[in-house]
Amino acid sequence: QESAEFVVVNEAKCDNSATGNIIEGVNVELSCEVRWQGYKRPTLQWYGPNGEVDTFPQPEDEDNPDLYVVTANMTASSNHDEVDWECRVFFEEEGQEEAPSYTDLCMSMFRVQYGPKNIVTYPDPDDTSEGKFVIDVGAAINCTAEANPLPTFSWHSEDGGHIEPTDTLYITMEMVSEEEHVYRCEARNQVNGVPIVRNKTVTFLVREPDPEPTTGGVEPWVIA
(Lines give C-alpha, C1' and ligand atoms only; values in the text may rest on other atoms or scores of the structure.)
Protein backbone atom coordinates (compact mmCIF):
# COMPACT_ATOMS: atom_id res chain seq x y z
CA GLN A 1 0.00 0.00 0.00
CA GLU A 2 1.36 3.39 -1.05
CA SER A 3 1.92 5.94 1.69
CA ALA A 4 -0.02 9.20 1.42
CA GLU A 5 1.96 12.20 0.27
CA PHE A 6 1.63 15.30 2.41
CA VAL A 7 3.05 18.76 2.86
CA VAL A 8 2.96 20.91 5.98
CA VAL A 9 3.85 24.59 5.65
CA ASN A 10 4.01 27.06 8.52
CA GLU A 11 3.08 30.72 8.20
CA ALA A 12 5.48 32.78 6.08
CA LYS A 13 7.58 35.48 7.79
CA CYS A 14 8.96 38.60 6.10
CA ASP A 15 11.66 41.01 7.24
CA ASN A 16 14.15 43.52 5.83
CA SER A 17 17.55 44.89 6.77
CA ALA A 18 16.48 48.55 6.96
CA THR A 19 16.48 50.08 10.43
CA GLY A 20 14.43 53.23 10.87
CA ASN A 21 14.56 55.77 8.04
CA ILE A 22 17.34 54.98 5.58
CA ILE A 23 18.74 57.24 2.88
CA GLU A 24 18.78 56.77 -0.87
CA GLY A 25 21.58 54.58 -2.18
CA VAL A 26 21.66 52.21 0.79
CA ASN A 27 21.39 48.49 -0.01
CA VAL A 28 18.32 46.79 1.45
CA GLU A 29 17.84 43.05 1.75
CA LEU A 30 14.34 41.58 1.89
CA SER A 31 14.08 38.21 3.62
CA CYS A 32 11.24 35.68 3.47
CA GLU A 33 11.10 32.31 5.22
CA VAL A 34 8.82 29.34 5.88
CA ARG A 35 9.18 26.07 7.72
CA TRP A 36 7.91 23.06 5.81
CA GLN A 37 7.77 19.26 5.80
CA GLY A 38 6.62 16.81 3.20
CA TYR A 39 7.26 15.58 -0.29
CA LYS A 40 7.47 18.96 -2.06
CA ARG A 41 9.12 22.22 -1.07
CA PRO A 42 7.08 25.42 -1.62
CA THR A 43 8.20 28.25 -3.90
CA LEU A 44 8.82 31.68 -2.38
CA GLN A 45 8.83 34.70 -4.70
CA TRP A 46 9.18 38.41 -3.93
CA TYR A 47 6.93 40.91 -5.74
CA GLY A 48 6.99 44.71 -5.94
CA PRO A 49 4.79 47.34 -7.59
CA ASN A 50 6.08 46.34 -11.04
CA GLY A 51 5.81 42.58 -10.62
CA GLU A 52 8.39 39.92 -9.81
CA VAL A 53 11.62 40.88 -8.04
CA ASP A 54 14.78 38.80 -8.49
CA THR A 55 14.61 36.28 -5.65
CA PHE A 56 17.51 34.16 -4.43
CA PRO A 57 17.24 30.95 -2.34
CA GLN A 58 19.68 30.83 0.57
CA PRO A 59 21.84 27.79 1.43
CA GLU A 60 20.12 25.21 3.62
CA ASP A 61 20.76 25.50 7.34
CA GLU A 62 22.04 22.08 8.50
CA ASP A 63 20.62 22.70 11.96
CA ASN A 64 17.21 23.65 10.53
CA PRO A 65 16.63 21.53 7.42
CA ASP A 66 12.91 22.37 7.48
CA LEU A 67 13.64 26.13 7.14
CA TYR A 68 13.54 27.61 3.63
CA VAL A 69 14.75 31.20 3.18
CA VAL A 70 14.88 33.44 0.11
CA THR A 71 16.14 37.02 -0.23
CA ALA A 72 15.92 39.94 -2.63
CA ASN A 73 18.30 42.89 -2.76
CA MET A 74 17.78 46.45 -3.94
CA THR A 75 19.34 49.90 -3.76
CA ALA A 76 16.95 52.16 -1.88
CA SER A 77 15.43 55.04 -3.85
CA SER A 78 12.67 57.55 -3.20
CA ASN A 79 10.32 55.33 -5.22
CA HIS A 80 10.72 52.59 -2.59
CA ASP A 81 9.46 54.73 0.31
CA GLU A 82 6.48 53.04 2.02
CA VAL A 83 6.13 50.49 -0.78
CA ASP A 84 4.62 47.14 0.24
CA TRP A 85 6.94 44.32 -0.85
CA GLU A 86 5.10 41.00 -1.00
CA CYS A 87 6.52 37.49 -0.61
CA ARG A 88 4.16 34.89 -2.07
CA VAL A 89 4.24 31.22 -1.08
CA PHE A 90 2.89 28.67 -3.54
CA PHE A 91 3.62 25.31 -5.16
CA GLU A 92 4.67 24.93 -8.77
CA GLU A 93 3.55 22.02 -10.92
CA GLU A 94 6.32 19.88 -12.36
CA GLY A 95 5.50 17.60 -15.25
CA GLN A 96 2.48 15.40 -14.50
CA GLU A 97 2.85 15.88 -10.76
CA GLU A 98 -0.09 17.73 -9.25
CA ALA A 99 0.97 20.59 -6.98
CA PRO A 100 -0.70 21.35 -3.65
CA SER A 101 -3.12 24.28 -3.88
CA TYR A 102 -1.73 25.96 -0.74
CA THR A 103 -0.87 29.67 -0.96
CA ASP A 104 0.27 32.24 1.57
CA LEU A 105 2.01 35.62 1.64
CA CYS A 106 3.71 38.09 3.95
CA MET A 107 4.70 41.70 3.41
CA SER A 108 7.56 44.03 4.27
CA MET A 109 7.95 47.82 4.06
CA PHE A 110 10.65 50.38 4.85
CA ARG A 111 11.02 54.18 4.88
CA VAL A 112 13.48 56.06 2.68
CA GLN A 113 14.55 59.64 3.36
CA TYR A 114 14.79 61.81 0.24
CA GLY A 115 14.76 65.44 -0.76
CA PRO A 116 11.75 67.26 -2.27
CA LYS A 117 10.63 66.10 -5.69
CA ASN A 118 7.58 66.43 -7.96
CA ILE A 119 6.91 70.03 -6.95
CA VAL A 120 3.52 71.10 -8.25
CA THR A 121 1.64 74.39 -8.00
CA TYR A 122 -2.10 74.97 -8.25
CA PRO A 123 -2.75 76.64 -10.66
CA ASP A 124 0.18 75.23 -12.62
CA PRO A 125 1.72 77.13 -15.57
CA ASP A 126 2.77 73.77 -17.02
CA ASP A 127 -0.92 73.15 -17.73
CA THR A 128 -1.07 76.12 -20.12
CA SER A 129 0.32 76.47 -23.62
CA GLU A 130 1.87 79.87 -22.79
CA GLY A 131 3.63 78.67 -19.63
CA LYS A 132 1.82 81.27 -17.52
CA PHE A 133 -1.65 81.97 -16.20
CA VAL A 134 -3.98 84.78 -15.15
CA ILE A 135 -5.24 84.84 -11.57
CA ASP A 136 -7.73 87.02 -9.71
CA VAL A 137 -7.19 89.14 -6.65
CA GLY A 138 -8.34 87.14 -3.61
CA ALA A 139 -7.25 83.82 -5.10
CA ALA A 140 -4.18 81.85 -4.04
CA ILE A 141 -1.42 79.70 -5.53
CA ASN A 142 -0.65 76.54 -3.57
CA CYS A 143 2.56 74.53 -3.68
CA THR A 144 3.04 70.82 -2.90
CA ALA A 145 5.95 68.39 -3.07
CA GLU A 146 6.84 64.82 -2.19
CA ALA A 147 9.58 64.37 0.41
CA ASN A 148 10.58 62.42 3.52
CA PRO A 149 10.84 64.10 6.00
CA LEU A 150 7.94 66.34 5.02
CA PRO A 151 9.18 69.61 3.48
CA THR A 152 8.62 73.20 4.51
CA PHE A 153 7.71 75.76 1.85
CA SER A 154 8.28 79.42 1.05
CA TRP A 155 7.41 81.72 -1.86
CA HIS A 156 9.96 84.21 -3.25
CA SER A 157 9.41 86.99 -5.78
CA GLU A 158 11.96 87.24 -8.57
CA ASP A 159 13.34 90.53 -7.25
CA GLY A 160 13.59 89.17 -3.69
CA GLY A 161 11.29 91.85 -2.33
CA HIS A 162 8.44 89.56 -1.34
CA ILE A 163 8.81 86.38 0.69
CA GLU A 164 5.98 84.27 2.10
CA PRO A 165 7.13 81.52 4.54
CA THR A 166 4.25 79.21 3.67
CA ASP A 167 3.02 76.87 0.95
CA THR A 168 0.32 79.35 -0.12
CA LEU A 169 0.82 82.61 -2.01
CA TYR A 170 -2.20 84.87 -1.61
CA ILE A 171 -2.97 87.31 -4.41
CA THR A 172 -3.63 90.87 -3.16
CA MET A 173 -4.62 94.19 -4.72
CA GLU A 174 -1.01 95.37 -4.37
CA MET A 175 -0.05 92.75 -6.96
CA VAL A 176 -2.33 94.14 -9.68
CA SER A 177 -0.11 95.20 -12.57
CA GLU A 178 0.22 95.01 -16.33
CA GLU A 179 3.58 93.37 -15.78
CA GLU A 180 4.03 89.64 -15.28
CA HIS A 181 4.92 88.34 -11.83
CA VAL A 182 7.59 85.66 -11.47
CA TYR A 183 7.71 83.73 -8.20
CA ARG A 184 9.40 80.54 -7.15
CA CYS A 185 8.14 78.04 -4.62
CA GLU A 186 10.96 76.57 -2.54
CA ALA A 187 10.55 73.20 -0.85
CA ARG A 188 13.19 72.20 1.67
CA ASN A 189 14.03 69.46 4.15
CA GLN A 190 17.08 67.72 5.61
CA VAL A 191 18.32 64.25 4.72
CA ASN A 192 21.03 62.76 6.90
CA GLY A 193 21.70 66.23 8.28
CA VAL A 194 22.19 67.80 4.84
CA PRO A 195 19.75 70.60 3.83
CA ILE A 196 18.09 70.02 0.45
CA VAL A 197 16.26 72.81 -1.39
CA ARG A 198 14.40 72.44 -4.67
CA ASN A 199 12.11 74.92 -6.36
CA LYS A 200 9.60 75.56 -9.09
CA THR A 201 9.08 78.91 -10.83
CA VAL A 202 5.67 80.23 -11.88
CA THR A 203 4.79 83.19 -14.09
CA PHE A 204 1.40 84.85 -13.81
CA LEU A 205 -0.63 88.02 -14.36
CA VAL A 206 -2.95 89.40 -11.69
CA ARG A 207 -6.38 90.46 -12.87
CA GLU A 208 -8.05 93.41 -11.17
CA PRO A 209 -11.47 92.54 -9.77
CA ASP A 210 -14.54 93.77 -11.61
CA PRO A 211 -15.95 97.03 -10.19
CA GLU A 212 -18.89 96.76 -7.87
CA PRO A 213 -22.24 97.47 -9.57
CA THR A 214 -23.65 100.91 -8.77
CA THR A 215 -27.15 102.36 -8.70
CA GLY A 216 -26.08 105.86 -9.76
CA GLY A 217 -28.64 107.66 -11.99
CA VAL A 218 -31.42 105.25 -11.08
CA GLU A 219 -34.46 106.77 -9.39
CA PRO A 220 -35.31 105.02 -6.11
CA TRP A 221 -38.60 103.18 -5.91
CA VAL A 222 -41.32 104.85 -3.91
CA ILE A 223 -43.78 102.56 -2.20
CA ALA A 224 -46.99 104.36 -1.20
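Which side chain meets Arg35 in a salt bridge? In this predicted model, the partner is Asp66, with N and O 2.9 Å apart. Arg35 sits in strand β4 (residues 27-38) and Asp66 in the loop between β7 and β8, so the contact ties together parts that lie 31 residues apart in sequence. Neither end is tucked away completely: Arg35 is partly exposed at 31% relative accessibility, and Asp66 is partly exposed too, with a relative accessible area of 23%.

The loop that carries Asp66 also holds Asp63, between β7 (56-57) and β8 (67-75). Asp63 is exposed, at 68% relative accessible area. Together with Glu60, Asp61 and Glu62, Asp63 makes up a negative patch on the surface. A residue needs over 30% relative accessible area and no salt bridge to count towards a patch, so Asp63, at 68%, clears the area cut-off. Asp66, at 23%, does not reach that cut-off, and so stays out of the patch.

Further along the chain comes an open sheet of five strands, in the order β12-β18-β17-β14-β15, with mixed pairing. Its edges are β12 (133-136) and β15 (163-164), each of which pairs on one side only. Strands of a sheet pair through backbone hydrogen bonds, and they can do so parallel or antiparallel. Within this sheet, β17 (residues 181-191) and β18 (residues 194-207) run antiparallel and are joined by 11 bridges. One of the residues involved is Arg184, whose bridge partner in β18 is Thr201.

Side chains add contacts of their own here. Asp136 forms a salt bridge with Arg207, and the closest N and O atoms are 2.6 Å apart. This pair links distant parts of the chain, with Asp136 in strand β12 and Arg207 in strand β18, 71 residues apart. Both ends are partly exposed: Asp136 has a relative accessible area of 34%, and Arg207 has one of 43%.

Another salt bridge brings Arg188 and Glu186 together, with 2.7 Å between the closest N and O atoms. The two ends differ in exposure, because buried means under 20% relative accessible area: Glu186 is buried at 9%, whereas Arg188 is partly exposed at 35%. Salt bridges also turn up as a network, in which shared partners join Asp81, Glu82 and Arg111. The overall count comes to 10 salt bridges, including Arg35 with Asp66 and Asp136 with Arg207.

Methods. Residues numbered from 1 in each chain as written. Predicted model: local features only at pLDDT ≥ 70, side-chain atom pairs only at ≥ 80, totals over all residues. Heavy atoms only, no water. Patch = residues over 30% accessible without salt bridge, like charges linked within 9 Å, V, L, I, M, F, W, Y side chains within 5 Å. Areas by Shrake-Rupley, 256 points an atom, 1.4 Å probe, with all protein chains shown as cover. Salt bridge = Lys/Arg side-chain N within 4 Å of Asp/Glu carboxyl O. Lys, Arg positive; Asp, Glu negative; His and termini not counted. Charge placed at Lys NZ, Arg CZ, Asp CG, Glu CD. Helix = DSSP H or I, 4+ residues; strand = E, 2+ residues; numbered from the N terminus. Buried < 20%, exposed > 50% of the residue type's maximum accessible area, 1.4 Å probe, protein only. Pairing = 2+ DSSP bridges.
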